[in-house]
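This report describes how the helices and strands of one model are arranged. Please look at the structure first, then read on.

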Amino acid sequence: MSVDVGLLVVRSLARLPTQLTSVAPLVKKRLYVHVEPPLDLDSSLGKIYLEATKACGKLDVRVLLDSKAKRPVQRVFSEQDAEQEEGLQWLPHQKAYDAVVLGGTFDQLHNGHKVLLSSAVRKANKYVTCGITDGVMIQKKKLFELIQPYELRAKAVKEFIRDVGVDVECRAEAITDPFGPSIVDPDLQCIVVSEETRSGGEAVNRKREERGLSTLDIEVITLVEGKDEVLEESKLSSSTRRRELLGTLLREPREQRNVEGVYLIGLTGGIASGKSNIGKFLATLNYEVIDCDKLAHGLYESRPDLVAKIEEVFGKLFVKDGTVDRTRLSAHVFGNREELDKLSNLVWPVVKSEVLRIVAASQSKVVFVEAAALIEAGWQNTLDEVWTVFVPKDEMIKRLKDRNGLSEEQAIARIESQISNQSRIAESNVVFCSLWTYEETQAQVKLACGELKKRIERR
């Protein structure tokens, strides 16, 4: 019978892979690991988290550092399989420093973070200062658009340190430069880094010397290995965790159905994001897809009242012989947020009415509404779900220059006339990124469609 929370007693690293493989299917949420003699906890930390990543990467595994905290463990797994948590053996531990500092993004807290945090608190008597990157510091991270808010990341770090049983104060601080509190606090004695960030620790010491502060001992921790061929990374990383979110349900769908008998999903994304390719792929999977951009273009010809309003608002220059000059109008509104909003306010209410008319007559159980300005038009509350595709801004610029022949300035103007990727993602249930191959994007869509089918069947 499976349990939510279990405790694994480990006395031999040689037997650990077998133990983890047999125990993992029996624990649904969290597995604590207690290290007993003759094993040394400090030298075993990295190896335990590495084996946990290999054997049960989706399970929240936490190596206990102290016996003081009480946890709601439902089953203790050991060689005897009958021990109680209060009977566990703990080796005395002498801490080397009063104050230790470390830094990182700490997004999607994973086993690599746990090694880093555990190593830091094992060295500190009084407090650990944890600099958590935010603001401009995260914008060069892969898939930074999916990074959790600082408040959630700080809460996760503090909760982890408290949960593994360490009686040390954790001072989490948002940092928007490479140094943060590490070059300010005179009481710090040690900085914990990975091999990849050792140079950052050395830079901290140079800054401290310039400020007349004592230099810090640099403790280098080996990162947990992890392979991600798509991102071309060889270490376990938050980037991989964020990539694994693509195509999965990030937020629960709305409870109330808006169109009886039809599950309505909005498909949106910024310019040059790959939205149209996903729409076409969904059509090959036998989903009905309504292309609102094409629908809007057709309305320019079939709705004289709409054309008249466009001429009234934008002038005769954009209407010829009762027909909207789409090329001239597009050039005018893209790059000018105020003008684009004017056009959206005219066009999208008419498009929405037409979409709802088509949906009401549809025989499909699922209909996708593909619209670039879906969020700007405020349609999200009319839909059961919103699916968004995005690529980083620099990729959008490159695609617009290659595909549309725009200058960099023109490309940036078009991008900035739309809402940001983060604004769309904040309103979305499912998110894709088309930065890589078509096959990778399609794999994300297939995953999303598989989960969608299960959700609909449960309703």
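Helix 1 and helix 2 are oblique to each other, because angles under 35 degrees count as roughly parallel, over 145 as roughly antiparallel, 65 to 115 as roughly perpendicular and the rest as oblique. The model is a predicted one: local features need pLDDT of at least 70, side-chain atom pairs count only at pLDDT 80 or more, and totals for chains, interfaces and linings use all residues. Residues are numbered from 1 along each chain as its sequence is written, and side-chain values use heavy atoms, without hydrogens and water.

**The helix pair**

The axes of helix 1 (residues 16–23) and helix 2 cross at roughly 45° and come within 9 Å. Axes are lines fitted to C-alpha atoms, for helices over the stretch in contact, and angles run from 0 to 180 degrees between N-to-C directions. Helices (H or I, at least four residues) and strands (E, at least two) are DSSP runs, numbered from the N terminus. On the side of helix 1, Leu16, Pro17, Leu20 and Thr21 meet Lys47, Ile48, Glu51, Ala52, Ala55 and Cys56 of helix 2. Contact means heavy atoms within 4.5 Å.

**The sheet of four strands**

Four strands form an open sheet in the order 3-2-1-4, with parallel pairing; two strands pair if DSSP finds at least two bridges between them. Strand 3 (60–63) and strand 4 (75–77) are at the edges with a single partner strand each, so one side of each has no neighbour in the sheet. From one strand to the next, the twist averages 25°. Strand 2 (residues 27–35) is joined to strand 3 by four bridges, and Leu31 stands opposite Val61 in strand 3. Helix 2 (residues 41–56) packs on this sheet and touches strand 2 and strand 3.

**The sheet of five strands**

Another open sheet has five strands in the order 7-6-5-8-9, again with parallel pairing. Its edges are strand 7 (169–175) and strand 9 (217–221), each with a single partner strand, so one side of each is left without a neighbour in the sheet. Seven bridges join strand 5 (residues 97–104) to strand 6 (residues 124–133), and Ala99 stands opposite Tyr127 in strand 6. Helix 3 (residues 111–123) packs on the sheet, touching strand 5, strand 6, strand 8 (190–194) and strand 9. Helix 5 (residues 198–210) lies across strand 8 and strand 9.

The table gives helix directions against strands.

| Helix | Strand | Angle |
|---|---|---|
| Helix 2 | Strand 3 | about 170° |
| Helix 3 | Strand 6 | about 150° |
| Helix 5 | Strand 8 | about 155° |
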